[in-house]
Amino acid sequence: MNLFDLIFNNKKPPQNAKSVQKKKMTAEETVDGVRIIYKKHPFSKSIRILPKADGMVLVTLPKYGSFIQAKEFVQKNKGWIKEKNSLNTPKNKAVIEERRRLAHKILPKRLDELAKKYGFKYGRVFIKNQKTLWGSCSYRNNINLNLNLVALNDEFIDYVLLHELTHTVHKNHQKAFYDLLKKNMPNALDVQKRLKKIKISNTYK
């Protein structure tokens, strides 16, 4: 196109490949009945899968990333997506809220009983819906407890509480930590081994 056409004939220059690509920032498909929305984001550095509460899954990818690669990534992670979506049903949400109520009622009280019995001191207690941890202890000796603990039997609950209380004295998992833990709970290693076989997501079933 020459300058004459551009000025006097009011012709617009053709869009190049980059401008066309720039407009296509989203894509969508359905995988095994799940709606997948792909969205390019200027600040994304990698492909991320974000399950939403309504059952839809948002997949973000870098601005100049490939939708084909993102779709391949989703295919490789179909099992994980299905598991995460299964936790977002109304039934499971009701289960979580009931467990939250019970956890606030039961866990802090039992933690205090064990702390007094074995001479531990701790800071604050937080009840959370954690996905991978049954409990944790901060360097300030604040203790986080997973609300899904109430779905387990008392032996597992006491193990997790004593485990975190022991971290108020020993911040690592070296010999001194386990010596103190086993002193207060002789069968701690056996309970730990059995607890590792329980996935938090499976407690909803």
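Which helix does lysine 82 lie in? Keep that question in mind for the first close-up; every view here comes from a predicted model.

**View 1. Lysine 82 on helix H4.** Lysine 82 belongs to helix H4, which covers residues 78-86. Its relative accessible area is 66%, and because exposed means over 50%, lysine 82 counts as exposed. Now look for proline 51, which sits 31 residues away from lysine 82 along the chain. The C-alpha atoms of lysine 82 and proline 51 are separated by 9.4 Å.

**View 2. Proline 51 and the pairing of strands S3 and S4.** Here we stay with proline 51, whose bridge partner in S4 is valine 57. Strand S3 spans residues 48-51 and joins S4 through 4 bridges. These two strands, S3 and S4, run antiparallel.

**View 3. Strand S4, enclosed by the rest of the structure.** Strand S4 takes in residues 57-62. Is this strand largely enclosed or largely open? Of its 6 residues, 5 are buried, so S4 is largely enclosed by the rest of the structure. Strand S2, residues 34-41, pairs with S4 in the parallel sense, with 6 bridges between them. You can follow this pairing at two places: isoleucine 37 has leucine 58 as its bridge partner in S4, and lysine 39 has threonine 60.

**View 4. The hairpin of strands S1 and S2.** Strand S1 covers residues 26-31 and is joined to S2 by 6 bridges. S1 and S2 run antiparallel, whereas S2 and S4 are parallel. Isoleucine 37 appears again in this view: glutamate 28 stands opposite it in S2. Isoleucine 37 also has leucine 58 as its partner in S4, and is therefore a handy landmark when moving between this view and the previous one. In the hairpin, 2 residues lie between the strands, and aspartate 32 takes a positive phi near 50°.**View 5. Threonine 166 in helix H6.** Helix H6 runs over residues 154-166, and threonine 166 has its place there. Is threonine 166 buried or exposed? Its relative accessibility is 0%, so threonine 166 counts as buried. The side chain of threonine 166 reaches the backbone oxygen of leucine 162 at 2.6 Å. Setting aside neighbours within four places in sequence, threonine 166 is in contact with Phe120, Phe177, Leu180 and Leu181.

**View 6. The largest pocket and its lining.** About 380 Å³ of space lies in this pocket. Its lining has 19 residues, and those closest to the centre are Leu133, Trp134, Gly135, His163 and Glu164. Which elements each supply at least two residues of the lining? They are strand S6 (135-137), helix H6 and helix H8 (188-195). The largest share, 4 residues, comes from H6.

**View 7. Stepping back to the whole chain.** The chain has 8 helices and 7 strands. Of its 205 residues, 37% are buried. Among contacts between residues at least 6 apart in sequence, 45% join residues at least 24 apart. The chain exposes about 13500 Å², and carbon and sulfur atoms supply 54% of that area.

Methods. Residues numbered from 1 in each chain as written. Predicted model: local features only at pLDDT ≥ 70, side-chain atom pairs only at ≥ 80, totals over all residues. Heavy atoms only, no water. Buried < 20%, exposed > 50% of the residue type's maximum accessible area, 1.4 Å probe, protein only. Pairing = 2+ DSSP bridges. Polar contact = N/O pair within 3.5 Å; in protein donor to acceptor, adjacent residues only side chain to side chain. Contact = heavy atoms within 4.5 Å. Areas by Shrake-Rupley, 256 points an atom, 1.4 Å probe, with all protein chains shown as cover. 1 Å grid on protein atoms, 1.4 Å probe; cavity = no way out; pocket = protein on both sides within 12 Å on 5 of 7 lines; lining within 4 Å. Points joined across faces, edges and corners; volume = space filled by probe spheres on them.
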